[in-house]
Amino acid sequence: MLPTAQEVAERAARVVIEGVRAALASGRTEPVIGLATGSSPVGLYTVLAGAVEAGEVDFGRARGFALDEYVGLPPRHPESYREVLLREVCGPLGLPPERLHVPDGSGDSEEALAAGAADYERRIAEAGGVDVQILGIGANGHLGFNEPGSALTSRTRVKRLSERTRGDNARFFDSLDAVPTHCVTQGLGTVLDARRLVLVASGAGKAAAVAAAVEGPLSASCPASVLQWHADAVVVLDEAAAVGLA
Ligand code: F6R
């Protein structure tokens with residue numbers, strides 16, 4: 001728990017840089033980072049961009065795998081997670097755009113979306129798995145877009161977004177109606193396969209979800225509680241997000 005959002009970003013960025021270095025030291029020439037979107041990791045990405053500029057870390061041979069993507073947004077929609085990550089991560093961190101992988105939310109049938117999801121799992125496996133997975137947490141405890149009720153061993157698949165999540169994410173769109181109803185998300189089992197997890201949360205709005213995830217029972221009603229199952233999961237919080245912890 002740290003006093004300010006800036007310190008949260010800096011500590012989390014340290015975990016990512018150490019994860020990348022550990023991957024390189026273990027002989028992985030193309031380290032893989034798992035990328036969350038939303039507001040929580042924005043400061044962390046800014047700190048990482050500074051570290052790249054300072055020559056402390058290099059993402060030129062890394063691969064990035066997004067946690068999730070909306071279903072049905074038009075190609076190049078500015079709020080599609082592919083576009084967000086191209087803008088906020090690939091550019092600033094020097095991660096080549098062709099090394100960014102995002103679940104395919106453009107399928108026009110259940111079968112096409114399911115095939116895209118299976119292909120995404122294959123691509124993660126071919127890349128040797130995720131070395132460091134960056135995570136945020138939803139106010140309802142979701143992880144990726146695994147909403148409450150998600151199977152703890154789930155893999156990448158289509159999910160319906162809860163109305164709470166749609167409401168929370170309406171700030172990125174012109175209206176609530178414009179927020180997609182479905183997404184393709186890495187499953188909880190997929191997330192757990194990453195070698196190291198780092199979750200960032202700040203603000204009072206996350207306090208109840210953080211307390212349930214960190215100190216509550218391991219349960220599908222709080223998907224982020226699966227972090228308790230992982231041997232190398234780091235949770236970096238500001239004071240407001242940590243207020244519900246014993
Ligand atoms: C984003 C994601 C979500 C967000 C969560 C928190 O790729 O998978 O789990 O991390 O909705 O969003 P923010 O950070 O905007 O509060």
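Let's start at one small spot: Gly167 counts as partly exposed because it has 13 C-beta neighbours inside 10 Å. The cut-offs behind that label go like this: 20 or more other C-beta atoms within 10 Å of a residue's own make it buried, 12 or fewer make it exposed, and anything in between is partly exposed, with C-beta atoms placed from the backbone. Gly167 sits in helix 5 (residues 163-169). From there to Arg14 is 153 residues in sequence and 32 Å in space, C-alpha to C-alpha.

Before going on, know that you're looking at a predicted model, where local features need pLDDT of at least 70 and side-chain atom pairs count only at pLDDT 80 or more, while totals for chains, interfaces and linings use all residues. Residue numbers run from 1 along each chain as its sequence is written.

Now zoom out. The chain has seven helices and nine strands. The radius of gyration is 17 Å, close to the 18 Å that the globule rule gives for 246 residues, so the chain is as compact as a globular protein of that length. That radius is taken over C-alpha atoms, and the globule rule is 2.2 Å times the number of residues to the power 0.38. Helices (H or I, at least four residues) and strands (E, at least two) are DSSP runs, numbered from the N terminus. Put a box around the C-alpha atoms along the principal axes and you get roughly 45 × 45 × 35 Å. Of the 246 residues, 45% count as buried. Two residues are in contact if their C-beta atoms, placed from the backbone, lie within 7 Å. Among contacts with a separation of 6 or more, 78% join residues 24 or more positions apart.

Next, follow helix 1 (residues 5-25). Its 21 residues reach 30 Å from first C-alpha to last, close to the 30 Å expected at 1.5 Å a residue; that expected span is 1.5 Å times one less than the number of residues. Buried in helix 1 are Val8, Ala9, Ala12, Ala13, Val15, Val16, Gly19, Val20 and Ala23. Look down the axis of helix 1 and these buried residues fall within an arc of 155 degrees, so they line one face of the helix. The arc is that of the directions from the helix axis to the C-beta atoms. Covering the buried residues are, among others, strand 1 (32-35), helix 2, strand 5 (132-135), strand 8 and strand 9. Just after helix 1 comes Gly27, with a positive phi of about 100 degrees.

Helix 2 (residues 42-53) is home to Gly43. Gly43 is buried, with 20 other C-beta atoms within 10 Å. Not counting residues up to four places away in sequence, Gly43 touches Ala5, Gln6, Val8 and Ala9. Its C-alpha is also 9.9 Å from that of Val200, 157 residues apart along the chain.

Helix 4 (residues 110-126) gives you another one to look along: 17 residues, reaching 24 Å, close to the 24 Å expected. Leu113, Ala117, Tyr120 and Ile124 are its buried residues. Seen down the axis, they fall within an arc of 55 degrees, so they line one face of helix 4. Why does that spacing work? An α-helix has 3.6 residues a turn, so residues three or four places apart point the same way. On the other side of helix 4, Glu111, Ala112, Arg122, Ala125 and Glu126 are exposed. The cover over the buried residues includes strand 2 (63-66), strand 6 (157-160) and strand 7 (182-185). After helix 4 comes Gly128, whose phi is positive, near 90 degrees.

Positive phi also turns up at Arg76, near 70 degrees, in a residue other than glycine. Most residues other than glycine have a negative phi. Arg76 lies in the loop between strand 3 (68-70) and helix 3 (81-93), and it counts as exposed because it has 9 C-beta neighbours inside 10 Å.

For contrast, visit Gly138, in the loop between strand 5 and strand 6. Gly138 counts as buried, with 27 C-beta neighbours inside 10 Å. Leaving aside neighbours within four places in sequence, Gly138 is in contact with Thr165 and Ala209. Ala209 is one of the buried residues of helix 7 (residues 207-215), whose cover includes strand 8 (196-201) and strand 9 (233-237).
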